[in-house]
Amino acid sequence: MSSRNRTDKSAGIELPTSDIHKMAVEELDTTKLLRHAAHQRDDRGYKDFLIVDTDCHHYENESLREIIEFIEDPVIKHSAKMATTGGTGVQSSFLPGLVGHQDIAGRVTRYPLRKTEKVPAGENHRDIHLTLKWMDAMGVDYVCLFPTPMLAMGIHPQTEVEVNMARAYNCWLTERLLAVEPRLKSMLYLPFNDPDATYRTVQEFGEKEGVVGFMVTSVRYRPVYDNAYMKTYALLQEMGKPIAFHAGYTWTDQMLSTTNRFIVTHALGFTFFNILHCANWIANGLPVRFPELKVIWIESGIAWIPWLMQRLDNDYKMRSSECPALTKPPSKYMQEMYYTTQPLEIPDDLNVLETTFKMAHAETQLLWASDYPHWDMDLPSKIYDLPFLSNQAKRNILGKNAQKLFSLDVSDRFPSKGSS
Amino acid sequence: MAKNKILVGKTSELEEAQPCIVVDGTTEIGIYRFHNKFYAYENLCPHQGGPACEGLLIPQIEEIINSDKTYRGMKFNYQNLHIVCPWHGWEYELESGEMVADRQFRLRKFEVIEEGEEIFVITE
């Protein structure tokens, strides 16, 4: 039996494929785009696996008119309303723009086609429909949902804008998405450039439904060891909520501004900021001051982990006097931290990857993440298909480590497995 | 293994540089026409399993280096099209099916035959 499917121009749009050529492409249907992921889900029997995605995204800019209704400051709210009502579209006073093309000039077609996707009419938010669509295709049970453009808010020159946008986004997210759909969780955005507002955010939102921790966007220039943050770390430790650092890039960073190909900006930017914060975190003895605080490093892949472990350990043997709080080599503290896997680097020599897994104590510390719908997303099969992992290690990395870390109640998806 | 001859359609219906997907059982195949030659590849990216043939067909990009080794820019090579997987952007040469960034990877290729006014793809 065969069937044929010719591109139907009337149902799609034309995308430019060069300076002079176009190509007819159907409108985006995530279920159709990810049908091969659904085949993997069924072939590998994910139905019996708890799968938790610790890092995925939505595009909160598409809901900006709803979000800014939660802004408290009347002047900033007015500015935001004007920007979403009209304007030239060239400037925004509250979302810092990012130069770059994550979609590889349109090659990753879910970017340019995103707005063509239809969702059923109803009460649920469009973001809930779209997120559940790809979750179901991949076989994902729960996700930790993060924003997209707001990942750059840490470089906004006006701290008060970050504070107001963070609170508005957190209010909107918890009320419109997390309280409505129990499969959606989040680690809420911390307005880290204002330490007091950061503390208030944890106080206000720490017990809200679906809030499993808090997130710092790594692209910023505030050191994590600043005394102003200690009360927040203490509060998070007391509440048992993890703090996560979500990587990113900015082409305006002085060092990254010397890059002229986005491949370099991305490859370095998404690791450097987390490497910097992680090294500062350890050298200042924060793991000793907050031994029960769970720390997660998000979206830097995992190849950097052995590199930083070896660099810090080597220097520590000669310069331990500069880190007197530490009672063991830096790598030992790193082995107690958590890391999301995406984008998982797959070297030709899998022994390299296996060694990286061993050094990171993968079986208890790695958390699978898709980063969907972003361009370098990973499916669960990136972990499931690794030949050196035991069945238990796969189960841990794909879901059980996250279940334990976030104290997730998974009884609605797995009635026999309960909350831990 | 027995060979199947799958009708793709009339030659005149296959548009230049626009993929047509045919399904044979559980195998999806993308068929292309470019400069009056026909190509067929499995619609399955060896990276993570994406529907490679449903992505864009984009000319190869080449760097322009002056005789004194200074950089001048980039240009399209319109004679060499790349099949681009829409999931992550892995690129494959239309002519060979080889992944341009790492030639140990390739799309599974199928034979295409033209009989009269009709195009067929041969599967096993």
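**Sheet and core in a predicted two-chain model**

In chain A, strand 5 (residues 142–146) and strand 6 (residues 184–189) run parallel and are joined by 2 bridges; strands here are DSSP runs of E with at least two residues and helices are H or I runs of at least four, both numbered from the N terminus. A:V143 has A:L184 in strand 6 as its bridge partner. This is a predicted model, with pLDDT of at least 70 needed for local features and 80 or more for side-chain atom pairs, while totals for chains, interfaces and linings use all residues. Residues count from 1 along each chain as its sequence is written, and chains are lettered from A and ligands numbered from 1 in the order written.

Zooming out, chain A has an open sheet of 8 strands, in the order 4-5-6-7-8-9-10-11 with parallel pairing; two strands pair if DSSP finds at least two bridges between them. Strand 4 (52–57) and strand 11 (366–367) of chain A sit at the edges with a single partner strand each, so one side of each has no neighbour in the sheet.

Chain B is a string of strands: 9 of them, and 0 helices. Its C-alpha atoms fit a box of roughly 55 × 30 × 20 Å along the principal axes. Of its 124 residues, 39% are buried, meaning that 20 or more other C-beta atoms, placed from the backbone, lie within 10 Å of a residue's own.

As for B:V121, residues touching it include B:I6, B:V22, B:I31 and B:F110, leaving aside those up to four places away in sequence; contact means C-beta atoms, placed from the backbone, within 7 Å.

Note on methods. Two residues are in contact if their C-beta atoms, placed from the backbone, lie within 7 Å. A residue is buried if 20 or more other C-beta atoms lie within 10 Å of its own, exposed if 12 or fewer, and partly exposed in between; C-beta atoms are placed from the backbone.
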